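I opened this model to look up how some of its helices pack against one another, and what lines one of its pockets. My notes follow in the order in which I looked.

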Amino acid sequence: MSIISTSAPGKAILFGEHAVVYGYPAIAVPVMQVSATVQISSVDNQPDGWIWLSALDIGVNSPSTKLPLDHPLILPIKLVPDELGIKNLPAMRIDIHSTIPVAAGLGSGAAVSVALIRAIAEFLGQPLSDDRVSTLAFSVEKIYHGTPSGIDNSVITYSKPIYFIRGEQPSGNRITRIGVGKTLNLVIGDTGIPSPTAATVGDVRQTWLAHPEIYNSLFTRIGELVKQARVALERGESELLGVLANENHALLTEIGVSCAELDRLVDAARASGAFGAKLSGGGRGGNMIALVPKEKVSKVVQALTSAGAVHAIACQVDGGNPEQRIK
Ligand code: PMV
């Protein structure tokens, strides 16, 4: 019996969400403390094409034929063999587990897609390059997000801090792995409010269409700020990153994607010693992140929990990575 195991981390957007959809740069980091894992084992006593899918965290435990064809777990099972030109799939059992909170802006869907795409390709004996994994994961992301920028599948596939600029097509994305001058301590606080990214991205698009000058100017200011943040990140200037995070949050609030619960967590993080804090991801719920001095991490975690966060995850983004163009 053959068994394949793969995993993929969570992610957080540090700077530039929403503006990134319109071609401005954004910075995202992997969150290695949480992950999605996929195990595929061959099944001897079933015919070709038989697939049992178990993802107990989201209540799936059935033959794959019981799920709709556009289900985000089914799409990779179709996309990968198509990509590899393989027609007959051997019988298999797929087990998916994730410690990434769902619908919380930590990239749970993209991480499952990346791990699943890698696992199927490896199980079929033809591992895919990161570039192809990311492109296929992007096709699945469209189900979750409608018009995603592609930053989630990219940072999760490469599992490194990235500076991301969206292209017209996924093949046109510009992705640079960025150096981190000094270990960055982050605390990620989850409001517990599910907020589908497709809805916030769609609302922002409607308002952008109605008020293009105002929104283009907000996106431009976010883009400028992301460029400054990249330099600060490379130089290890954590305090400056905090200031920029605060500014980015103010601009996201003007765009209309913050909410009272996010603001409460952002304020609690700042009041308990964070360098700065902002919402992260789609907004109107989901997550915020705080950039925190090392000695204040547990204080900020406590403050976020007291202010109503359902999860507060402390994580580190390590320094020392060289700058390198990935794509
Ligand atoms: O909700 P998240 O964490 O997946 O982030 C969405 C980020 C947006 O910029 C709002 C959308 C996108 O596709 O980049």
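Before the first pair, I wrote down the cut-off I would need: angles over 145 degrees between axes count as roughly antiparallel. I also noted that this is a predicted model.

Entry 1, H8 and H9. I looked up helix H8 (residues 260-271) and helix H9 (residues 297-306), and found that their axes come within 9 Å and cross at roughly 150°. With the cut-off at 145 degrees, H8 and H9 are therefore roughly antiparallel to each other. I recorded the crossing of H8 and H9 as right-handed. On the H8 side the contact holds Leu 265, Ala 268 and Ala 269, and these meet Val 300, Ala 303 and Leu 304 of H9. When I sorted the residues of this contact by class, I had six nonpolar, no polar and no charged.

Entry 2, H5 and H6. Next I turned to helix H5 (residues 197-210) and helix H6 (residues 212-235), whose axes come within 5 Å and cross at roughly 120°. That angle makes H5 oblique to H6. I listed Val 204, Thr 207, Trp 208, Leu 209 and Ala 210 as the H5 part of the contact, with Pro 212, Tyr 215, Asn 216 and Phe 219 as the H6 part. By class, I noted seven nonpolar, two polar and no charged residues in the contact of H5 with H6.

Entry 3, H1 and H2. For helix H1 (residues 75-84) and helix H2 (residues 108-123), I found packing at an angle of about 45°, with the axes 9 Å apart. I therefore entered H1 as oblique to H2. The crossing of H1 and H2 is right-handed. From H1, Pro 76, Ile 77, Val 80 and Leu 84 meet Leu 116, Ile 117, Ile 120 and Ala 121 of H2. The class count for this contact came to eight nonpolar, no polar and no charged residues.

Entry 4, a pocket. Which residues line the second largest pocket? I listed Gly 49, Ile 51, Ser 64, Thr 65, Leu 67, Leu 69, Ile 74, Ile 77 and Lys 78. Ile 77, one of these lining residues, is also among the H1 residues that meet H2. The lining divides into five nonpolar, three polar and one charged residues, and I entered the volume of the second largest pocket as about 200 Å³.

Key:
Residues numbered from 1 in each chain as written. Predicted model: local features only at pLDDT ≥ 70, side-chain atom pairs only at ≥ 80, totals over all residues. Heavy atoms only, no water. Axes fitted to C-alpha atoms, helices over the stretch in contact; angles between N-to-C directions. Helix = DSSP H or I, 4+ residues; strand = E, 2+ residues; numbered from the N terminus. Parallel < 35°, antiparallel > 145°, perpendicular 65-115°, else oblique. Left-handed = near helix turned anticlockwise from the far one by under 90°. Contact = heavy atoms within 4.5 Å. Nonpolar A, V, L, I, M, F, W, Y, C, P; charged D, E, K, R; others polar. 1 Å grid on protein atoms, 1.4 Å probe; cavity = no way out; pocket = protein on both sides within 12 Å on 5 of 7 lines; lining within 4 Å. Points joined across faces, edges and corners; volume = space filled by probe spheres on them.
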